[in-house]
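Me: I am new to reading protein models, and I would like to go through this one slowly, with the reasoning spelled out at each step.

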Amino acid sequence: MIELETVSLRRGEALVLDRLDLTLPERRIGVIGANGSGKSSFARLLNGLLVPTEGRVRIAGLDTAVEGKAVRRRVGFVFQNPDNQIVYPTVGEDVAFGLKARNVAKGEIAARVSATLARHGLAGFEDRLVHELSGGERQMVALAGVLVSEPDLLVLDEPTTLLDLRNTRRIIEAVEASERTVVLVTHDLDLLAGFERVLCFEGGRLAADGPPAETIARYRALAA
Ligand SMILES: Nc1ncnc2c1ncn2[C@@H]1O[C@H](COP(=O)(O)OP(=O)(O)OP(=O)(O)O)[C@@H](O)[C@H]1O
């Protein structure tokens with residue numbers, strides 16, 4: 001469960017999010033809106049990467065400003081640009097990183113890493129050098145590195161920008177297969193079919209909040 005209590009966020013001089021009150025018990029939550037409307041900032045609040053200037057964000061009851069570390073263990077975050085989150089030179093080391101940090105046994109780590117890679121079109125990629133992969137392959141490595149730890153909440157910030165149709169489909173399948181809560185920020189409105197709730201941001205406030213068809217219609221009207 002995600003809760004925002006009168007949350008405002010300033011970045012530099014700008015008021016980027018303006019007094020948001022939201023309770024999100026749904027498991028499939030989409031986030032859309034114009035460039036610069038505050039979507040990524042909202043997403044970053046959910047794992048404590050950013051903390052509110054005013055108000056409170058709670059994830060499963062944990063205040064992100066107070067219990068950031070506990071929040072980050074529960075929230076997997078996939079950035080738009082995979083280079084922001086891949087830290088190790090090889091695919092296998094990078095995907096194993098989150099499991100090592102959780103003290104998972106060595107044998108189990110290897111099995112989970114190879115199963116997760118295979119599920120994401122990267123079978124046998126363990127020893128490949130990350131910097132020699134294509135942009136889309138790196139995006140899938142970043143996704144695998146988050147999914148391997150089975151986070152309670154998965155936040156995806158425009159994850160399909162670099163991806164071809166097959167890998168976009170894999171992302172949709174990963175979202176559909178996940179029993180966890182998923183928050184997906186996207187400009188690709190087709191990805192949101194089947195979502196329970198979609199939020200549309202406009203100038204740091206919510207311009208619409210409801211089922212996909214309604215929110216998307218409002219977004220189209222705003223852009224017209
Ligand atoms: N570090 C920062 N310092 C100052 N302003 C920032 C900073 N980061 C973002 N902003 C501003 O905050 C506003 C919201 O940015 P944000 O990245 O949340 O938008 P977005 O809806 O995700 O946009 P896009 O669709 O282009 O990714 C923008 O006006 C942006 O210029």
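What follows is a set of questions and replies about this predicted model.

Me: In what order do the 4 strands of the open sheet stand?
Reply: The pairing in this open sheet is antiparallel. β2 (14–24) and β5 (62–63) stand at the edges with a single partner strand each, so one side of each has no neighbour in the sheet. Read across from one edge, the order is β2-β1-β4-β5.

Me: Which residue of β4 stands opposite S8?
Reply: Strand β1 covers residues 2–11 and strand β4 covers residues 54–59. The two pair in the antiparallel sense, over 5 bridges. Within β4, the residue that stands opposite S8 is E54.

Me: Which element gives the largest share of the shell around the ligand?
Reply: The residues around the ligand are R11, G12, A14, V16, G33, N35, G36, S37, G38, K39, S40 and S41. Two elements, β2 and α1 (39–45), give two or more residues to this shell. The largest share, 3 residues, comes from α1.

Me: How many residues of the shell around the ligand are polar?
Reply: Sorted by class, the shell around the ligand holds 2 nonpolar residues and 2 charged residues. The polar residues in that shell number 8.

Me: How far apart are the end C-alpha atoms of the span that UniProt annotates as "domain: ABC transporter"?
Reply: The annotation comes from an unreviewed UniProt entry and covers residues 2–224. That span is 35% helix and 27% strand. Its end C-alpha atoms lie apart by 31 Å.

Me: Which residue in the turn between β9 and β10 has a positive phi?
Reply: Strand β9 (residues 197–202) and strand β10 (residues 205–210) run antiparallel and are joined by 5 bridges, with C200 having A208 as its bridge partner in β10. The two strands form a hairpin with 2 residues between them. In the turn, a positive phi of about 55 degrees belongs to G203.

Me: Is G204 buried or exposed?
Reply: G204 is found in the loop between β9 and β10, and it touches L15, V16, L17, D18, S37 and G38, leaving aside residues up to four places away in sequence. G204 and S8 are 196 residues apart in sequence, while their C-alpha atoms are 8.7 Å apart in space. Because 20 other C-beta atoms lie within 10 Å, G204 counts as buried.

Me: What span should the 13 residues of helix α5 have at 1.5 Å a residue?
Reply: Helix α5 covers residues 135–147, and its expected span is 1.5 Å times one less than its number of residues. The end C-alpha atoms of α5 are found 18 Å apart, which agrees with the expected span of 18 Å.

Me: How many of the residues of α5 are buried?
Reply: The buried residues of α5 include E137, R138, V141 and L147. They pack against β6 (75–78), α3 (91–101), α4 (106–119), β7 (153–157) and α6 (165–177). The helix is largely enclosed by the rest of the structure, because the buried residues number 11 of the 13.

Me: Is V130 buried or exposed?
Reply: V130 is found in the loop between α4 and α5. Its contacts, not counting residues up to four places away in sequence, are I86, P89, T90, V91, D94, R138 and V141. Since V130 has 20 C-beta neighbours inside 10 Å, it counts as buried.

Me: Is N103 buried or exposed?
Reply: N103 lies in the loop between α3 and α4, and its phi is near 60 degrees, a positive value in a residue other than glycine. With 7 C-beta neighbours inside 10 Å, N103 counts as exposed.

Me: Where is A60 placed?
Reply: The phi of A60 is near 50 degrees, which is a positive value in a residue other than glycine. A60 has 14 other C-beta atoms within 10 Å, so it is partly exposed. Its place is in the loop between β4 and β5.

Me: Which residues does T53 touch, not counting those up to four places away in sequence?
Reply: T53 lies in the loop between α1 and β4, and with 13 C-beta neighbours inside 10 Å it counts as partly exposed. The C-alpha atoms of T53 and P211, 158 residues apart along the chain, are separated by 29 Å. The residues that T53 touches are S8, L9 and R10.

Note on methods. Residues numbered from 1 in each chain as written. Predicted model: local features only at pLDDT ≥ 70, side-chain atom pairs only at ≥ 80, totals over all residues. Pairing = 2+ DSSP bridges. Near = placed C-beta within 6 Å. Nonpolar A, V, L, I, M, F, W, Y, C, P; charged D, E, K, R; others polar. UniProt positions renumbered as here; feature names shortened; annotations may be inferred. Buried ≥ 20, exposed ≤ 12 C-beta atoms within 10 Å, placed from the backbone. Contact = placed C-beta atoms within 7 Å.
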